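Me: Could you help me get to know this structure? I would like to go through it step by step.

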Amino acid sequence: MDPEFEMKRTPWTRRFNERGALLIAIGASAVTLLATFSLAAVIRSYQGQVTIQANDSRTSLDLAATGKHLFLMNCAHCHGDDARGDEGPDLHNLHKNDMRIHHVITNGIKGEMPSFARKLNDSDIRALTAYIRSLT
Ligand code: HEC
């Protein structure tokens, strides 16, 4: 090859190679950036779920704590302070669902247990139900 031509050609080729490398580098960092952002989005949505779950269990703990207070005020003199039973039965490990427990508290049991429909509102009874469900 003509050495003069070679001299002219080299800078162009190098420039091309440098530009090519630059383009590849830009492309690679764009891909990395995109990957980082989408990973961050995935992590963020995952963290969101975890937070919601934590809030849920926190709420049911609060509800059970409120229920315990209501229990001591309204029920403990028959069912015992620890709900282990006294005049009324032990309320641990009841094989009743929330609806049945809610129903018993609302309506009472004729001749055995008073109705609390007038004394307690729906959210009180839900709190009591959560407390009783937490007894194992
Ligand atoms: C006057 C006493 C008395 C009071 C007050 C009382 N209970 Fe009872 N409770 C009973 C008796 C007695 C029974 C059992 C009736 C039966 O088995 O026929 C019973 C049954 C229950 C049952 C059903 C248990 C089962 O095994 O099916 C639940 C739940 C319950 N009580 C919750 C409560 C809650 C909550 C309160 C307070 C809001 C409360 N009770 C207040 C006497 C009482």
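Me: Leaving aside neighbours within four places in sequence, which residues is Tyr-131 in contact with?

Reply: Happy to help! Keep in mind that this is a predicted model. Tyr-131 sits in helix 4, which covers residues 122-134. Once its neighbours within four places in sequence are set aside, the contacts of Tyr-131 are Ala-64, Gly-67, Lys-68 and Phe-71.

Me: What separates the C-alpha atoms of Tyr-131 and Ala-64?

Reply: Ala-64 is among the contacts of Tyr-131. Along the chain, these two residues are 67 residues apart. In space, their C-alpha atoms are separated by 4.1 Å.

Me: Is Tyr-131 buried or exposed?

Reply: Let's use the cut-off: a residue is buried if 20 or more other C-beta atoms lie within 10 Å of its own. Tyr-131 has 23 C-beta neighbours inside 10 Å, so Tyr-131 counts as buried.

Me: What percentage of the residues in the chain is buried?

Reply: The chain has 4 helices and 0 strands, giving the pattern α-α-α-α along the sequence. It has 136 residues, and the buried share of them is 12%.

Me: Which helix gives the most to the shell around the ligand?

Reply: The ligand is surrounded by 21 residues, with Cys-75, Cys-78, Gly-88, Glu-112 and Met-113 the closest. Helix 1, helix 2, helix 3 and helix 4 each give two or more residues to this shell. With 3 residues, the one that gives the most is helix 3.

Me: How many residues of that shell are nonpolar?

Reply: The shell around the ligand includes 3 polar and 3 charged residues. The nonpolar residues of the shell number 15.

Technical notes
Residues are numbered from 1 along each chain as its sequence is written. This is a predicted model: local features need pLDDT of at least 70, side-chain atom pairs count only at pLDDT 80 or more; totals for chains, interfaces and linings use all residues. Two residues are in contact if their C-beta atoms, placed from the backbone, lie within 7 Å. A residue is near a molecule or strand if its C-beta atom, placed from the backbone, lies within 6 Å of it. Ala, Val, Leu, Ile, Met, Phe, Trp, Tyr, Cys and Pro count as nonpolar, Asp, Glu, Lys and Arg as charged, and the others, Gly among them, as polar.
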